[in-house]
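Here are my notes on the model you sent over. I have kept them as short numbered points, with the cut-offs given once where each term comes up.

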Protein chains: 2
Amino acid sequence: MSDSGRRVGRPRADRQRPPSGLPPREELLGAAAALFAERGYAATTTRAVAERAGMRQATMYHYFGGKEELLAELLESTVTPSLELARRLLAEDDRPAERRLWELCRSDVLLLCEGPYNLGALYLLPEVRGERFAVFRRVRAELKECYRRLLARTAAGSALPADGLELRNALLFGLIEGVILIRDSGPPVPAEVFAEATAEAALRIAGGGIAHGRIADGGIADGGGAVAGADA
Amino acid sequence: MSDSGRRVGRPRADRQRPPSGLPPREELLGAAAALFAERGYAATTTRAVAERAGMRQATMYHYFGGKEELLAELLESTVTPSLELARRLLAEDDRPAERRLWELCRSDVLLLCEGPYNLGALYLLPEVRGERFAVFRRVRAELKECYRRLLARTAAGSALPADGLELRNALLFGLIEGVILIRDSGPPVPAEVFAEATAEAALRIAGGGIAHGRIADGGIADGGGAVAGADA
DNA sequence: ATTATCTATAGATCTATAGATAATGC
DNA sequence: ATTATCTATAGATCTATAGATAATGC
């Protein structure tokens, strides 16, 4: 069948690295992910990506239009499975929302931590504001919306006014995305453990008041408002 | 005195922008901060920085050895005041640790949110791993250590084993640093409100078990109250 | 004939230095 | 004399395209 030694097209010049088996597109994506994570997106050259994937710089253009296309595809491929899970969980009306939210958090952290490379840091690149990443941004926004809905179905969440909910959701989502960024700086703990600890932390943020509900309560800020009071 | 029109040296070519009054070094730092935040570090050229500061590209080298030097100085100037506050708080033995941790969180978020530009995103640049940023990394590590000590003096924290404490501290620190990154994506709420909401969320993470660890909740700004009641 | 690669390179940067210039200060 | 700026530019990239080449497929 595949007979890996017999491929169409001019053979590669660099015979160093083992074939890896993956199709060239995937090789390129992997190389890009690794380099973006290591050196940063802007600092990574097309030459570096191609070379790490075992081909010459120009050959990359046979598969991708440039660095941006690589980044866009990487970002979308990270966030899409997460959105799918989120939708599935959102539909499971019979299970408690807290539980589902916990699962979503855990699995998102795991997804980003366990992936071959830490793509989390790419989410926040200034480049991602560009037109080319509109799809990614939309999918990510939808994911965040799923978080919001799950949070709203939570005992604590349902007691919040709309803007309080929004704020709390931003914090929760921020924890998930933020924490992956600094994963390395924590203690060297298995991804599973880390993911569950993060999910639990997320639920605490979600959780109504531990002591009593309100959020930016503090009293300060706007005085008055904030209520949400729930009950004691 | 200063008679701003009469400065030594060849006059600037670009007479467009208003003088701003700041010394050139500061102008450069401000321009760099703005551009790093807008476009990203690697994507910002020395020319862009200099030009925004109102001078020609080459002139920048009169003040800084290059882009990295600008970044190093910006990072250090952000984290240093924070470390100072942390040390001060750590020394205030008479006040409850929960309360002090809350203040530290709040003020860190505020520092990063309110600053002229969102420097938070710079913390995680891959470039920051380089030799040139050793000082910054050390100061930041010391700051994190302060968080850890405060957390350990907390009712909930004191009950944790060492590695559990470490993990929880990583989450807490991650929340603070992570959340500033995504500040914009939340609801448009005043920085004060956002900072307090984040501080409260941080205390929830710090807080012991979900069902019981109460927090320095509602207490506020000062007023000794706040107490985080200990037991159940 | 088709395909996947290669080599070569034009054009567009960007950095960092050299050396000139236009102010004030003495 | 000193200083802060300027202009000019060498050298080092980096991207993206043009066109050649070495396989397989028919």
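1. A word on handedness before the helices: a crossing is left-handed if the near helix is turned anticlockwise from the far one by less than a right angle, and right-handed if clockwise. Helix 4 of chain A passes helix 6 of chain A in a right-handed crossing. Helices here are DSSP runs (H or I, at least four residues; strands are E, at least two), numbered from the N terminus.

2. Some ground rules. This is a predicted model, in which local features need pLDDT of at least 70 and side-chain atom pairs count only at pLDDT 80 or more, while totals for chains, interfaces and linings use all residues. Residues are numbered from 1 along each chain as its sequence is written, chains are lettered from A and ligands numbered from 1 in the order in which they are written, and side-chain values use heavy atoms, with hydrogens and water left out.

3. Back to that first pair. Helix 4 of chain A and helix 6 of chain A (residues 162-181) pack at about 25° with their axes 9 Å apart; axes are lines fitted to C-alpha atoms, for helices over the stretch in contact, and angles run from 0 to 180 degrees between N-to-C directions. The two are therefore roughly parallel (angles under 35 degrees; over 145 is roughly antiparallel, 65 to 115 roughly perpendicular, the rest oblique). The contact (heavy atoms within 4.5 Å) involves A:Leu101, A:Cys105, A:Asp108, A:Val109, A:Leu112 and A:Cys113 of helix 4 of chain A, with A:Leu172, A:Ile176 and A:Ile180 on helix 6 of chain A. By class that gives eight nonpolar, no polar and one charged residues, where Ala, Val, Leu, Ile, Met, Phe, Trp, Tyr, Cys and Pro count as nonpolar, Asp, Glu, Lys and Arg as charged, and the others, Gly among them, as polar.

4. Helix 4 of chain A (residues 97-114) also meets helix 3 of chain A (residues 67-91): their axes come within 10 Å and cross at roughly 165°. These two helices are therefore roughly antiparallel, and their crossing is right-handed. Among the contact residues are A:Pro81, A:Leu85 and A:Leu89 of helix 3 of chain A and A:Leu104, A:Asp108 and A:Leu111 of helix 4 of chain A. The class count is eight nonpolar, three polar and three charged.

5. In chain B, helix 6 (residues 162-181) and helix 7 (residues 191-206) pack at about 165°, axes 9 Å apart, and the crossing is right-handed. Residues including B:Leu172 and B:Ile176 in helix 6 of chain B meet others including B:Phe194 and B:Ile205 in helix 7 of chain B. This contact has 10 nonpolar, one polar and one charged residues.

6. On to the DNA. Strand C is surrounded by 25 residues, the closest being A:Arg56, A:Thr59, A:Tyr63, B:Arg6 and B:Tyr61; near means a heavy atom within 4 Å. Polar side-chain atoms of A:Arg56 and A:Thr59 lie 2.5 Å and 2.4 Å from phosphate oxygens of strand C. A base nitrogen of strand C is 3.0 Å from a polar side-chain atom of B:Gln57.

7. For DNA strand D, A:Thr46, A:Tyr61, B:Arg56, B:Thr59 and B:Tyr63 come nearest of 25 residues. Sugar and phosphate make up 72% of the strand D atoms within 4 Å of the protein. Side-chain N or O atoms of B:Thr59 and B:Arg12 sit 2.4 Å and 3.3 Å from phosphate oxygens of strand D.

Note on methods: Polar contact = N/O pair within 3.5 Å; in protein donor to acceptor, adjacent residues only side chain to side chain.
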